[in-house]
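Reader: I'd like to learn how to read a model like this one. Could you walk me through it?

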Amino acid sequence: MEMFRKKDITGLINTKSGLRKELKTFDLTMLGIGAIIGTGIFVLTGTGALTAGPGLMISFIIAALACGFAALCYAEFASMVPVSGSAYTYSYATLGEFIAFIIGWDLILEYLLAVSTVSVGWSGYFQSLLNGLGIHIPTMLTGAPGTHVNGETTIFNLPAFLVVIVITTLLSIGIKETKRVNNIMVIVKTAVVLLFIVVAIFYVKPDNWTPFMPYGFSGVFTAAATVFFAFIGFDAVASSAEETINPSKSLPRGILISLAICTVLYVIVSGIMTGVVPFKQFTNYIDHPISAVLKVSGQNWVSGIIDLGAILGMTTVMLVMLYGQTRIMFAMSRDGLIPPIFSKINNKFDTPFVATWIFGFIAAILGGLVPLDHLAELVNIGTLSAFILVSVSVIVLRKTQPNIKRAFKCPAVPLIPILAILFCGFLILNLNPHTWWRFAIWLVIGVIIYFVYSQKKSKLSN
């Protein structure tokens with residue numbers, strides 16, 4: 001059937017894109033950390049603590065295992081098919097065009113809404129920092145339409161809109177400039193997280209860890225499905241394949257090293273914060289749990305630094321997510337599945353300039369107009385679905401094309417991919433059923449687009 005036609009692996013490897021090769025293992029690791037350490041550690045830890053109590057540490061480990069198993073599968077593909085597009089490209093070579101389109105459509109949901117979601121969280125921290133300096137943005141421009149702040153109704157979240165526009169500008173002018181800014185911000189925000197650990201660890205009271213799982217495993221599993229959002233982004237590293245100098249070695253290293261570093265930091269931070277502040281008290285600190293822990297400890301001077309770190313942390317998440325979004329659309333457009341404007345390379349900057357601005361503007365508008373909870377609810381299910389398909393693809397390709405050169409091999413196949421599928425599927429089952437219906441509607445729209453436009457325009461078909 002035409003809808004299940006596949007791309008030839010050899011042809012993919014020899015793809016010429018016109019994108020400039022600038023990235024090495026260190027840059028890719030920084031991209032990974034930049035995408036992962038942000039909203040998860042600075043915001044979601046408070047929500048997770050209320051759901052799982054001190055057992056939040058186990059929740060992070062469960063989410064990390066799901067990501068870790070999937071990351072090993074991503075690493076094998078990234079070393080074997082160093083081409084832009086991440087899970088979309090991998091699926092095209094193994095499961096066929098229709099599945100590839102659906103996963104690409106799925107990734108739009110993941111990356112685009114992740115950028116908008118984080119921009120709203122960024123806006124809250126930025127406004128808090130400005131208020132501390134005595135600068136106040138007009139209330140009507142501090143939140144989505146209909147939100148009530150201090151008795152006034154907001155009409156637009158201006159900071160959320162503007163930060164995405166600034167990031168879009170940076171991405172559109174070149175990967176070299178982008179990686180420099182990202183590397184600096186990642187180093188600073190990692191230093192801020194380490195500062196929190198060094199200062200707060202002396203205020204831990206072991207009694208606060210009892211009971212360790214106040215709501216049992218049910219609370220731990222629910223929190224794991226929630227904080228999974230904290231880990232999304234490492235897959236965006238795979239989208240940088242065509243801009244990486246030695247992708248077969250650097251991509252797997254960047255993916256796995258960044259995930260390992262972030263997992264260790266998440267577990268330590270969640271353990272310290274629930275040891276300093278009794279978990280039920282995070283109801284009062286839901287938007288800024290990390291800085292609140294230091295205020296409770298009387299370390300207000302560090303709290304201000306944490307707020308700055310949170311702003312930088314969320315900035316790099318948006319930067320990497322929007323970068324991944326444009327590269328996946330670049331790959332889909334190059335294959336003819338979406339209009340050619342999305343794969344047009346700017347001669348001056350060597351970037352998909354128009355695509356970057358289209359998606360950047362959409363993400364900025366969503367951040368300005370839509371409340372945080374409405375944006376975040378669909379991101380996790382889209383990511384988990386992508387991880388499942390990549391894991392399936394590894395098993396399929398090991399059977400159908402066992403002799404293809406793999407610079408990195410996922411160990412214990414099919415066990416590791418099966419574990420990735422089971423862990424990700426389990427986390428999906430712990431999401432709100434309403435999220436499943438919204439996701440299903442999104443997929444139906446994608447199916448219609450494929451049969452009306454993409455199947456006819458596919459370059460593989462023509």
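**Core, helix and surface**

Author: Happily! Of the 144 residues in the largest nonpolar core, those touching the most other members are Phe42, Tyr74, Tyr88, Phe196, Phe231 and Phe234. Helix H6 (residues 97–132) supplies the largest share of this core, 17 residues. A nonpolar core is a set of buried Ala, Val, Leu, Ile, Met, Phe, Trp, Tyr and Cys residues joined through side-chain atoms within 4.5 Å. This is a predicted model, where local features need pLDDT of at least 70 and side-chain atom pairs count only at pLDDT 80 or more, while totals for chains, interfaces and linings use all residues. Residues are numbered from 1 along each chain as its sequence is written, and side-chain values use heavy atoms, leaving out hydrogens and water.

Reader: Is valine 163 buried or exposed?

Author: Buried means under 20% relative accessible area, exposed over 50%, and partly exposed in between (1.4 Å probe, protein chains only). Valine 163 is buried because its relative accessible area is 8%. Its place is in helix H7; helices (H or I, at least four residues) and strands (E, at least two) are DSSP runs, numbered from the N terminus. The C-alpha atoms of valine 163 and serine 119 are separated by 7.1 Å, though 44 residues apart along the chain.

Reader: Which residue follows H7?

Author: Glycine 174 does, and its phi is positive, near 145 degrees.

Reader: And where is valine 198 found?

Author: Valine 198 is found in helix H8 (residues 175–200). With a relative accessible area of 53%, valine 198 is exposed.
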